[in-house]
Amino acid sequence: MTPRGLEPLERGSLHAAPLLLGSTLTVARQGAAVSVRLTEVEAYEGARDPGSHGFRGRTARTATMFGPVGHIYVYFTYGMHWCVNIVCGPEGTSSGVLLRAGEVVAGMDTALVRRGAGAVAGTAVRSRPARTARQLASGPARLAQTLGIGAGDDGSALLLGPAPGEVLDPAPEQPAPDGIWLSGLRSRRRPGTLSGPRTGVSGEGGGPDYPWRFWLPDEPSVSPYRAAQPRRRRESREERRD
């Protein structure tokens, strides 16, 4: 059964993706919490989507994507980065939303240290240019690093946070309850929401036929669109001789 409050995710990623825009994702552990307001997401639709990890069926790597709605799917990419998705739709459909970018709205000191833009433990965090702050969670790998999400979070269930528009930001004497919290999930799309091709998706799942990237207008944290670059074919020995 879908937890109360997460029902908008049940209808699949194409329905849920734009509804997640403007909501706040908070990761709290060991008394530290970082909150990010989501500004850019992408939808992936399993067996009917050539760009999806679930297109060719369930594997050990993608098992979470085929699981129940409202869980976190985390994967490793380019041999160095973690990315985070929210599982949507009926169990077994491999529908999910990739969280591409957001704005840090709480826990800035922790976020700066995680992204290598702040001070080391035990020293004061110096002020940073607004440009740096805006880019902390711009892009899926940066967003995951800012929130401190990694392999151990794969399969975690989302917890429902405060009322829409509020941020999970407990008083200093009250440590934040550990977990991954979502607040502000909408039931209707925000006016002015933009959409277009997904970033870096090659082959049949890329391009204008799949305008499944959604973002909020006039948000500095939204990552720049980049079309997939075709891989260069290696020349054979015969070709190099010619």
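The legends below describe five close-up views of a predicted model.

**View 1. Overall arrangement of the protein chain.** In this predicted model, the protein chain contains five helices and nine strands, and read along the sequence these elements follow the pattern α-β-β-β-β-β-α-α-α-β-β-β-β-α. The chain has 242 residues, of which 45% are buried. When contacts between residues at least 6 apart in sequence are considered, 64% of them join residues at least 24 apart.

**View 2. The largest nonpolar core and the surroundings of L9.** This core has 39 residues, and the members that touch the most other members are L9, L20, V36, L99, L143, L147 and L158. Strand β2, which spans residues 32–45, contributes five residues, the largest share of this core. Another core, of nine residues, lies apart from it, and its members include Y44, M65, Y73 and L98. For L9, once neighbours within four places in sequence are left aside, the contacts are A16, L20, V69, G70, I86, V87, C88, G89 and L185.

**View 3. Strand β1 and its pairing with β2.** Strand β1 covers residues 24–29, and five of its six residues are buried, so the strand is largely enclosed by the rest of the structure. β1 and β2 run antiparallel and are joined by six bridges, with R37 of β2 serving as the bridge partner of T24. The hairpin formed by β1 and β2 has two residues between the strands, and in this hairpin Q30 takes a positive phi near 55°.

**View 4. Strand β1 and its pairing with β7.** Strand β7, made up of residues 179–183, pairs with β1 in the antiparallel sense over five bridges. In this pairing T24 stands opposite S183 of β7, while in β2 the bridge partner of T24 is R37.

**View 5. The largest pocket and its lining.** The largest pocket, with a volume of about 1300 Å³, is lined by 38 residues, and those lying nearest its centre are T77, Y78, T199, G200 and V201. Several elements each supply at least two residues of this lining, namely β2, β3 (72–77), β4 (81–88), β5 (95–106) and α4 (140–147). By residue class, the lining of the largest pocket divides into 16 nonpolar, 15 polar and seven charged residues. Strand β2 therefore appears in more than one of these views, since β2 supplies at least two residues of the pocket lining and five residues of the largest nonpolar core, and is joined to β1 by six bridges.

Key: Residues are numbered from 1 along each chain as its sequence is written. This is a predicted model: local features need pLDDT of at least 70, side-chain atom pairs count only at pLDDT 80 or more; totals for chains, interfaces and linings use all residues. Side-chain values use heavy atoms; hydrogens and water are left out. A nonpolar core is a set of buried Ala, Val, Leu, Ile, Met, Phe, Trp, Tyr and Cys residues joined through side-chain atoms within 4.5 Å. Buried means under 20% relative accessible area, exposed over 50%, partly exposed in between (1.4 Å probe, protein chains only). Helices (H or I, at least four residues) and strands (E, at least two) are DSSP runs, numbered from the N terminus. Contact means heavy atoms within 4.5 Å. Two strands pair if DSSP finds at least two bridges between them. On a 1 Å grid over the protein atoms alone, a cavity is a set of points where a 1.4 Å probe fits but cannot get out, and a pocket is an open set with protein on both sides within 12 Å along at least five of seven lines; lining residues have an atom within 4 Å of a point. Grid points are joined across faces, edges and corners, and a volume is the space filled by probe spheres set on the points. Ala, Val, Leu, Ile, Met, Phe, Trp, Tyr, Cys and Pro count as nonpolar, Asp, Glu, Lys and Arg as charged, and the others, Gly among them, as polar.
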